[in-house]
Amino acid sequence: MGLKNGSIFFTDKEALESYSLTNQFAEHLEFDLVKDKLTATEDDAYFALSLSIRDRLVRRWLRTQQKYKDEDVKRVYYLSLEFLMGRLLGNALSNLDFYDECYNILRENSYSLENIREFEDDMGLGNGGLGRLAACYIDSMATMELPAFGYGIRYEFGIFEQEIENGYQVERADNWLKHGNPWEILRRKLTYRIKLYGRSEMYTDEKGNIKYRWVDTYDIMSVGWDIPVPGFKTNTVNNLRLWEAKSTSDFSFDEFNAGNYVAAVHKKTESENLSKVLYPNDTMVEGKFLRLKQQYFFCSATLQDIIRKYKIIHKTYDKFAEKTAIQLNDTHPVIAIPELMRILIDDENLGWDEAWIIITKTFSYTNHTIVPEALEEWAMPILAKLLPRHLEIIYEINRRFIEWVKINYTTDTNIIADLSIIREGETKKIRMSNLAIVSCNHINGVAALHTEILKTRIFPHFYKIFPDKFVNITNGITPRRWLLQANPMLSGLISDMIGDNWVRHLDELEKIEKYADDLHFQENFRSSKWLNKKLLIRYIEAEHDVKINPNSMFDVQVKRFHEYKRQLLNVFNVITLYNRIKDNPQIDMVPRTIIFGGKAAPAYLQAKLIIKLINSVADVVNNDPDVGDKMKVIFLKNYSVSLAERIIPATDLSEQISTAGFEASGTGNMKFALNGALTIGTMDGANVEMREEVGKENIFIFGMLAEEVVALKSSAYNPRKYYDSNQNIKRIVDMISDNFFNPNEPGIFTEIVRGLMDVDYYCLFADYQSYIDAQDRVSKLYRDTVGWTKKSIINVARMGKFSSDRSIQEYSDKIWHINPVKVDIET
């Protein structure tokens with residue numbers, strides 16, 4: 001150990017290990033937080049412990065990055081506008097194997113580790129599955145020792161905090177940085193200039209070549225913040241780099257001296273708004289401009305950073321594609337394609353053909369949706385004003401591609417219109433998914449059914465032109481967070497029976513299937529579920545004025561609110577059960593606690609109205625003496641990663657009931673099954689593959705298949721026929737229409753009723769009876785405790801395929817072609 005620039009540094013591993021976590025904890029408490037044992041709070045203890053763990057991460061992190069540089073390895077860069085990381089302390093303790101040591105340190109100082117973990121704010125830089133998938137994937141990349149980097153935006157305000165007022169969703173700012181973030185490290189000198197607006201200027205260079213430059217721009221600066229990402233029990237610590245927007249000039253003295261105090265800081269405020277909030281409301285033109293600015297800002301900063309690292313070793317671009325793989329997580333980062341093209345041909349003076357080869361060998365694209373409005377398009381006037389040079393490049397890419405299509409594929413104008421990157425119309429639009437398919441070396445769907453729909457329904461002509469580009473890589477989840485950390489009781493039981501190698505090799509869970517009929521193991525399995533339910537009950541009863549029957553089935557649907565996810569169909573089941581009770585108050589039924597959770601986008605009024613309906617129904621059901629403890633309906637506000645870690649281990653029944661053909665994959669379905677919940681669901685997304693893995697007898701499947709949904713819609717589907725022919729549907733719709741659940745706010749659910757009766761776009765009426773029949777099968781099985789438990793154990797045992805480690809291995813093998821790098825901490 002020595003002293004350098006006033007700081008302790010370690011010359012070997014033994015010296016570092018001898019400098020105990022206890023010492024580090026005490027020093028951070030005293031010197032960083034300026035507290036002693038008498039004045040320190042639990043929040044201080046959280047911060048000091050996190051800084052101590054970060055110290056241990058940093059050394060491995062530096063060695064990891066140096067190893068990548070020394071060996072000049074091929075690296076993958078994962079670009080995502082969302083990273084729903086949740087809380088980081090528990091993940092770091094688990095991956096570094098420091099949990100027990102830290103538990104003891106805190107106990108010696110009169111703190112509880114579990115209590116202080118509650119002081120960490122969720123790092124909620126995502127809206128749902130897309131961001132959580134990115135977080136799972138960077139965990140797996142580090143665990144698998146792959147040279148990988150994540151890039152995103154350091155939003156000052158993450159996904160909003162959700163309050164429920166009079167049953168309505170109300171959005172509050174999620175100021176997740178209000179107390180600071182002990183995990184992030186500011187890279188003070190890591191800044192890049194980002195250009196916006198201006199114009200494209202043609203000129204002739206000294207060799208007589210026609211060139212273009214982007215001039216008269218409005219510039220802002222990007223500043224990097226790094227989050228270390230440790231692998232599970234490896235020395236690898238990869239990096240998540242998040243960009244913050246800064247103004248090029250903080251203050252105008254001229255404006256200030258003239259008395260224009262607001263104008264004096266206007267440019268700074270306008271520039272830094274860019275990284276203020278995740279997903280600005282883009283129903284207005286100003287919101288669309290801000291969203292595109294965000295996407296370009298993080299892509300430009302990222303590409304400049306990637307090129308900087310490449311140029312440390314390489315002087316030409318001959319090996320750029322050989323050393324670089326860039327994965328675009330959905331269409332949000334697709335603007336990176338014309339940006340890299342611009343850098344290569346305008347700034348680095350490569351020819352078009354040479355630059356295009358690099359583009360097509362470097363980029364790959366993950367599609368996450370088939371919902372039309374989510375296939376991102378940008379109006380040409382917005383792109384022309386904000387990124388004029390990029391629009392020129394996109395037009396040239398499209399011109400060359402369409403010429404190739406006419407020569408090699410077809411001259412049919414309708415097919416060419418479908419293939420074109422430019423959607424013609426009164427306002428021309430740039431189809432970002434088409435741009436990605438034309439430019440990338442691979443396009444992957446995220447579940448087998450989803451990929452098949454992409455190939456046959458959404459992009460059939462692209463698939464015929466580029467059949468080798470399309471691959472499937474089914475999503476996965478990290479078992480470290482979603483079983484080992486979230487459910488220590490079940491994970492401990494599993495490890496006692498088969499060892500803990502499953503944490504890294506999830507397919508080893510199949511070894512517990514031989515205990516599925518073992519009554520003693522079943523009893524222990526049920527006990528772990530019971531204890532998790534009691535913990536969730538404690539949380540619910542502290543937040544809500546309601547008593548939960550611990551013997552009830554916990555029936556759960558927690559996810560982002562969207563009509564295709566059909567939370568409304570679940571409400572129909574709630575009302576069906578309620579009507580059965582009202583018709584026969586002495587009915588012998590399986591008691592249920594039906595739990596909803598999730599956020600609706602602030603501008604998505606129909607989804608927000610469904611949240612209101614859920615809460616209105618809950619008010620009636622929970623206060624009806626005829627219902628008693630037979631059923632309770634709960635909406636848990638402000639759904640987040642940390643709340644999911646409470647809910648999922650306690651769940652008996654997982655609702656995965658989207659309209660077939662609309663959910664790309666889903667990962668919540670995997671998390672619930674991994675924790676022993678049985679699934680009721682449609683043949684949609686990854687449910688299809690889950691059914692193949694667990695067996696059709698161990699999952700409750702209902703409803704139309706994807707092709708049947710298409711056929712129904714193409715044959716003039718009339719939802720009113722179902723209303724007229726099914727008395728339960730009619731009764732439920734009439735109750736909603738007649739303000740049964742909202743007597744004090746008549747008419748508020750009119751739009752829900754009108755949407756169902758006139759269109760029913762997501763086929764609730766068509767699937768209703770099949771869903772209710774499946775729910776009755778669920779209730780029947782739940783009465784058979786041994787049979788239910790056996791199926792739960794089988795579900796856990798057969799979840800091996802759905803590890804994010806498997807997904808990342810497939811990305812590595814099929815698309816990136818990168819190899820693990822062993823990091824040695826020894827000097």
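**Local features of selected residues in the predicted model**

In this predicted model, H817 is found in the segment that comes after helix 35, a helix covering residues 804-816. The phi angle of H817 is near 55°, which is a positive value in a residue other than glycine. Most residues other than glycine have a negative phi. H817 has a relative accessible area of 48% and is therefore classed as partly exposed, since the exposed class begins only over 50%.

A positive phi is also found at D97, where the angle is near 65° and the residue is again one other than glycine. D97 belongs to the loop that runs between helix 4 (89-96) and helix 5 (99-108). The relative accessibility of D97 is 53%, and the residue therefore counts as exposed.

The surroundings of E655, a residue of strand 24 (residues 653-656), were examined through its charge partners, its polar contacts and its neighbours. E655 is buried and yet has no salt bridge, the nearest side chain of opposite charge being that of R592, at 4.8 Å. This separation does not qualify because a salt bridge requires a side-chain nitrogen of Lys or Arg within 4 Å of a carboxyl oxygen of Asp or Glu. The side chain of E655 does, however, make a polar contact of 2.8 Å with the side chain of Y771, and a further polar contact, of 3.0 Å, links the side chains of E655 and Q775. When residues up to four places away in sequence are not counted, E655 touches D555, V556, Q557, K559, N570 and I680, as well as the two polar partners Y771 and Q775.

Another strand residue, L186, is placed in strand 9, which comprises residues 185-196. With a relative accessibility of 36%, L186 is counted as partly exposed. Once its neighbours within four places in sequence are left aside, L186 is in contact with V223, G224 and W225. Between L186 and T316, which are 130 residues apart along the chain, the C-alpha atoms are separated by 30 Å.

Finally, the cysteines were considered, and the structure was found to hold 0 disulfides. For C299, the closest cysteine sulfur is that of C440, and the two sulfur atoms are 12 Å apart, which is too far for a bond, because a disulfide requires a pair of cysteine sulfur atoms within 2.5 Å. C299 has a relative accessibility of 0% and so counts as buried, and C763, with a relative accessibility of 0%, likewise counts as buried.

Notes. Residues are numbered from 1 along each chain as its sequence is written. This is a predicted model: local features need pLDDT of at least 70, side-chain atom pairs count only at pLDDT 80 or more; totals for chains, interfaces and linings use all residues. Side-chain values use heavy atoms; hydrogens and water are left out. Helices (H or I, at least four residues) and strands (E, at least two) are DSSP runs, numbered from the N terminus. Buried means under 20% relative accessible area, exposed over 50%, partly exposed in between (1.4 Å probe, protein chains only). Contact means heavy atoms within 4.5 Å. Lys and Arg count as positive and Asp and Glu as negative; His and the chain ends are not counted. A polar contact is a pair of N or O atoms within 3.5 Å; within protein, one must be able to donate a hydrogen and the other to accept it, and residues adjacent in sequence count only if both atoms are side-chain atoms.
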